[in-house]
Amino acid sequence: MINLQPYENPQYFVYLLIALLPLIIGLYFGKRYKWYEALVSLAFIFLIFDADKWQQGVTLICYIVYQFLVTFAYQHYRKKTGKANKTWVFCLAVILAILPLVGVKIWPIVPHKQGIDFGFLGISYLTFKTVQVVMELRDGTIKQVDPVIYARFLLFFPTISSGPIDRYRRFVKDYDKAPSREDYIKDLSYAVRYLFQGFLYKFLLGWFFGTYCLPYLEQQAILVAGRMYPLHLSWWLLGVMYCYSMYLFFDFAGYSLFAVSISYFMGIHTPMNFNKPFAAHNIKEFWNRWHMTLSSWFRDFIFMRFTFFAMKKRLIKNRNRLSQVTYLVNFMVMGVWHGLTWYYIVYGLYHFLAIIINDIWLRFKKKHKLVKHNKFTEAVAIFVTFNVVCLSFLIFSGFLNNLWFNVPLGK
């Protein structure tokens, strides 16, 4: 039986574009064949979770049913109580929405029989969507969730495995209508451009850095580590740091471009995920350019909400201290979300410290006016930010865990 993992090889795109051809023709003539779009989505989701992935497929079905129960039970409660709804009910709905993801993250560190796994490809990104909908139902920005559109939103197959993370209200605007012919021709031009750019990023540059260069550099870094260098540091490790950073960017950005490209073919404007992140002048700007849909999700649904909660309860009066605590919460959640390992947690703490140091420096520079803005200082800022980010990616990669704890101290 054919099993197709999203954007894994060129064969996937051949099947995909053939399947999308009737939909593309319909959109060109101003018609959105929702029934055909749903059929294609279900077919490709089936091909993602068939064969040896069937257990993930069953888990996905159970997960969708569970999230429907949580979402529509809370929507019913909201309609019934109006503005009088209680905070604890909202908190319970959010906890229930994230509970499956929490269970999947904790499961690897819990003693259990090998081969039993309750996770599935894309559970994190589906959870971001469901939590967003529950929170916006609470805010009143979403008045009514349509069951059919909600299912399409959650199971939109171009983004199901790794994003980008779309918003329900934005998705509904595209889903409810077909674009004009002029607009769709523009969509097609963007779709083709993003598709070829994705091939360049993922299958050429991502392969070069990740498959061709990285294993060799890691091997050399491990070989020289046995010579008792302090912390096993070497020039080879520096090469690993830069090479892995390039691989991570081109592989993930290429994947995201594929997801956006296929979305545009389908007349859905899935938001972009990357905007020249290595050209950022500071770490805060970097997070406005890197994995932008995830960054904005954490900003809107963790950072801002914790800030409003702390201000309302007057937990921290000093604004600078409040922002620092909120950054800590934000990046710790982000680190733990990636996994319950020391290097993911340190990755979150590292970015928290980087943001705090950056804020202190910006306030100091503004107050004392020591550094003038020019091309040279701009280049220095980009260079420093780039290296700070690359070091964080070395931590994130987990290679230091292998280097420090699995390599003998000496020959």
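## Salt-bridge network around Glu37

In this predicted model, a network of salt bridges links Arg32, Glu37 and Arg152. Within the network, the side chains of Glu37 and Arg152 meet at 2.3 Å, N to O. Glu37 belongs to helix H2 (residues 34–48) and Arg152 to helix H6 (residues 147–154), so this salt bridge ties together parts that lie 115 residues apart in sequence.

Both partners of that pair are buried: Glu37 has 0% relative accessibility, and Arg152 has a relative accessible area of 7%. In general, side chains of opposite charge can pair when their charged atoms come close.

## Other salt bridges

Over the whole structure, the search finds 11 salt bridges. One of them joins Arg169 to Glu136, with 3.4 Å between the closest N and O atoms. Arg169 is in helix H7 (residues 168–175) and Glu136 in helix H5 (residues 123–139), so the pair connects parts that are 33 residues apart in sequence. The two ends differ in exposure: Arg169 is partly exposed at 40% relative accessibility, whereas Glu136 is buried at 5%.

A further salt bridge is formed by Lys284 and Asp359, whose closest N and O atoms are 2.9 Å apart. Lys284 lies in helix H10 and Asp359 in helix H13 (residues 342–368), so the salt bridge ties together parts separated by 75 residues in sequence. Lys284 is partly exposed, with a relative accessible area of 32%, while Asp359 counts as buried at 11% relative accessibility.

## Arg167 and its contacts

Arg167 is placed in the loop between H6 and H7. The side chain of Arg167 makes a polar contact of 3.0 Å with the side chain of Asp300. Apart from neighbours within four places in sequence, Arg167 is in contact with Gln132, Glu136, Phe153, Ser296, Trp297, Asp300 and Phe301.

Two residues on that list also take part in interactions of other kinds. Glu136 is the salt-bridge partner of Arg169. Phe153 has the charged end of Lys129 over its ring, 4.8 Å from the ring centre.

## Thr270

Thr270 occupies a position in the loop between H9 and H10. Thr270 is buried, with a relative accessible area of 2%. The side chain of Thr270 makes a polar contact with that of Ser263, at 2.8 Å.

Not counting residues up to four places away in sequence, Thr270 touches Phe156, Thr159, Pro164, Asp166, Arg170, Val260, Ser263 and Tyr264. The polar contact partner Ser263 is thus among the residues that Thr270 touches.

## Aromatic pairs

The structure as a whole contains 67 aromatic pairs. One of these is formed by Phe249 and Trp290: the ring centres are 6.2 Å apart and the planes are at 35°, so the pair is tilted. Phe249 lies in helix H9 (residues 235–265) and Trp290 in the loop between helix H10 (283–287) and helix H11 (292–313); the pair thereby links distant parts of the chain, 41 residues apart. Phe249 and Trp290 are both buried.

## Cysteines

The model contains 0 disulfides. Cys243 is in no disulfide, and the nearest cysteine sulfur, belonging to Cys213, is 4.8 Å away. A disulfide requires cysteine sulfur atoms within 2.5 Å, so a separation of 4.8 Å does not qualify. Cys243 is buried, with a relative accessible area of 6%.

Cys390 is likewise in no disulfide. Its nearest cysteine sulfur is that of Cys243, at 11 Å. Cys390 is buried, with 0% relative accessibility.

## Leu92

Leu92 lies in helix H4 (residues 87–106). Leu92 is partly exposed, with a relative accessible area of 39%. Between Leu92 and Val70 the C-alpha to C-alpha distance is 9.6 Å, and the two residues are 22 residues apart in sequence.

Notes: Residues are numbered from 1 along each chain as its sequence is written. This is a predicted model: local features need pLDDT of at least 70, side-chain atom pairs count only at pLDDT 80 or more; totals for chains, interfaces and linings use all residues. Side-chain values use heavy atoms; hydrogens and water are left out. Buried means under 20% relative accessible area, exposed over 50%, partly exposed in between (1.4 Å probe, protein chains only). Rings of Phe, Tyr and Trp (its six-membered ring) pair if their centres lie within 6.5 Å; planes under 30 degrees apart count as stacked, over 60 as edge-to-face and the rest as tilted. Helices (H or I, at least four residues) and strands (E, at least two) are DSSP runs, numbered from the N terminus. A charge sits over a ring if NZ of Lys or CZ of Arg is within 6 Å of the ring centre and within 35 degrees of the ring normal. A polar contact is a pair of N or O atoms within 3.5 Å; within protein, one must be able to donate a hydrogen and the other to accept it, and residues adjacent in sequence count only if both atoms are side-chain atoms. Contact means heavy atoms within 4.5 Å. A salt bridge is a side-chain nitrogen of Lys or Arg within 4 Å of a carboxyl oxygen of Asp or Glu.
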